[in-house]
Amino acid sequence: MSSVKKNIILNGINTVTSILFPIVTFPYAARILLPEGIGVINFQLSIINYIVLLTSLGIPLYAVKEVAKFQDEKYLRNKITIEIILLSFVLCLFGYIIVWILAEFIPQIHYQSSLFFILSLTIVFNSIGVNWFYQGIEDFQYITIRAIVVRTLSAVALFIFVKNPTDILAYGIVTVGSTVGNNFINFIHLRKHIDFRDIRVSNLEVFKHLKPALHVFILNLIISLYIQLNTIMLGFMQGDDAVGYFTAGTKISHIGLTLISSIGTVLLPRGTNLLQKQDLAGFSLIINKSARLTVALSLPVIVALMILATPVTMIFCGPEYIASIPVLYLNAPVILFIGLTGVMGIQILYPKNKLNIVICSVSGGAIVNIILNIILIPLYGATGAAISTLIAEFIVFTLQAILGRNYYPFTWNSIVLIRYVVATILMGAVLQIVHTFLSNDVLQILISVPLGIAVYTIGLYCLNDDLLKDTIDFILKRRR
């Protein structure tokens, strides 16, 4: 079993490349396809993601937990993996029935049915992807190398084949390839870990996974109501341009969110395995560090995005996306709420089989989000959807903190440490000065990013933050 620190570093590299990919590709695509083209892609992709949600049936998260539980029992681990793959294939067939019905009978989809069918490849790739297996056995080295190769090829394909607004089908292919195209490689690589001849077909219990996966599916379905549904409601109520503005603003904020969420990707299988072994002390230790790290990373990212919302949007998307600036500003605080609910819900409550608490909290947020969308989208368009998301995520965080308080191996006083707030305020003051006296967008970003990182790091060092010092000691040891 590889070390948690090594896994976090590998997953950090994977996360950084996943951040760099949209930083390099989205500005190019946004300027070529314009808000309308970006809106069409993301409107249809949101619908496809709902179908993926239905056909995956909560399997990815459930499967990570099951594989992680039996890391040390190879036969059971492999048997479970084959059963879940077969179940995924069956569900995939139902997904394509839905795809055909929508493409044939929904006018907003029918006029771009070719694009819809291309994006639907996500469904089949998702069913064979087994990314959950590699997370469950903590093979983050393979995940990282594979992801970097696929993202590099996808970026090259984008610059070669997408050159004008009519190349929307080519962009659809690149989008599918960059997100789930590597899942085919996953399936082929699976032979390295599993000898399919060791498993008898008569011993397989494919449908026994249906019921427990349904619990996760309910959670994922509710979460999607205020993630994908925002885009779909915008598309029907305000049109493709509004979807394009909302997509641009959320994609920028999600770059920061990706970094925070990557912590949970590493720690879910390890936490599950520790609970399976009844190692409660080890579980508490990694959860405490995860919660503190989430706060330590979220606060400076939020403040930086809010102060630099205008230059970031202008550089990342272009002047055509000026309506995305308030979306980015409102989406920035969501990073902290989602990061902490990821720790509480996915890293703690789910391994402890307290998923009902997560479902209740997310249901409250989803209901609020839908109601606010109906009220605010007609009035404020993409900005209204962003306001709805912010309030909904705060509701989810608050409910989860209250309902699950008896299960968390930490106190909020130990996590929300004043030193992170103080260091963030110092960094924010410096960035605000730069923002005030520099009008050039490019110069603002070039100066603000390294300066902000330096001020925040020095601030934490002066405040004697043990997480930072542990990180420095670990890096120094690795270099010896």
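**Close-ups of a helix pair and three salt bridges**

**View 1. Helices α18 and α19 cross at roughly 160 degrees.** In this predicted model, the axes of α18 (residues 355–380) and α19 (residues 382–403) come within 7 Å. With angles over 145 degrees counting as roughly antiparallel, that is how α18 runs relative to α19. As for handedness, the crossing of these two helices is right-handed. Sort the residues in the contact between α18 and α19 by class and you get 18 nonpolar and 10 polar ones, with no charged residues.

**View 2. K79 and E83 pair up in helix α3.** The structure holds three salt bridges, and this view takes in the one where the side chains of K79 and E83 meet, at 2.6 Å from N to O. Both partners sit in α3, which spans residues 74–105. Because K79 and E83 are four residues apart in that helix, about one helical turn separates them. Neither end of the pair is out in the open: K79 and E83 are both buried.

**View 3. R292 reaches D465 across 173 residues of chain.** Here the closest N and O atoms of the R292–D465 salt bridge are 3.4 Å apart. The pair links distant parts of the chain, with R292 in helix α14 (residues 280–307) and D465 in the loop between α22 (441–462) and α23 (466–479). R292 has a relative accessible area of 13%, so it counts as buried. D465 is buried too, with a relative accessible area of 1%.

**View 4. D465 also forms a salt bridge with R419.** The closest N and O atoms of D465 and R419 are 3.5 Å apart. This is another link between distant parts of the chain: D465 is in the loop between α22 and α23, while R419 belongs to helix α21 (residues 418–437), and their positions lie 46 residues apart in numbering. How accessible is R419? Its relative accessibility is 23%, so R419 counts as partly exposed.

**View 5. R292, R419 and D465 form a network of salt bridges.** Put the previous two views together and D465 turns up in both, bridging to R292 and to R419. The two arginines come from helices, R292 from α14 and R419 from α21. D465, by contrast, comes from the loop between α22 and α23. In terms of burial, R292 is buried, D465 is buried and R419 is partly exposed.

Notes. Residues are numbered from 1 along each chain as its sequence is written. This is a predicted model: local features need pLDDT of at least 70, side-chain atom pairs count only at pLDDT 80 or more; totals for chains, interfaces and linings use all residues. Side-chain values use heavy atoms; hydrogens and water are left out. Axes are lines fitted to C-alpha atoms, for helices over the stretch in contact, and angles run from 0 to 180 degrees between N-to-C directions. Angles under 35 degrees count as roughly parallel, over 145 as roughly antiparallel, 65 to 115 as roughly perpendicular and the rest as oblique. A crossing is left-handed if the near helix is turned anticlockwise from the far one by less than a right angle, and right-handed if clockwise. Ala, Val, Leu, Ile, Met, Phe, Trp, Tyr, Cys and Pro count as nonpolar, Asp, Glu, Lys and Arg as charged, and the others, Gly among them, as polar. A salt bridge is a side-chain nitrogen of Lys or Arg within 4 Å of a carboxyl oxygen of Asp or Glu. Buried means under 20% relative accessible area, exposed over 50%, partly exposed in between (1.4 Å probe, protein chains only).
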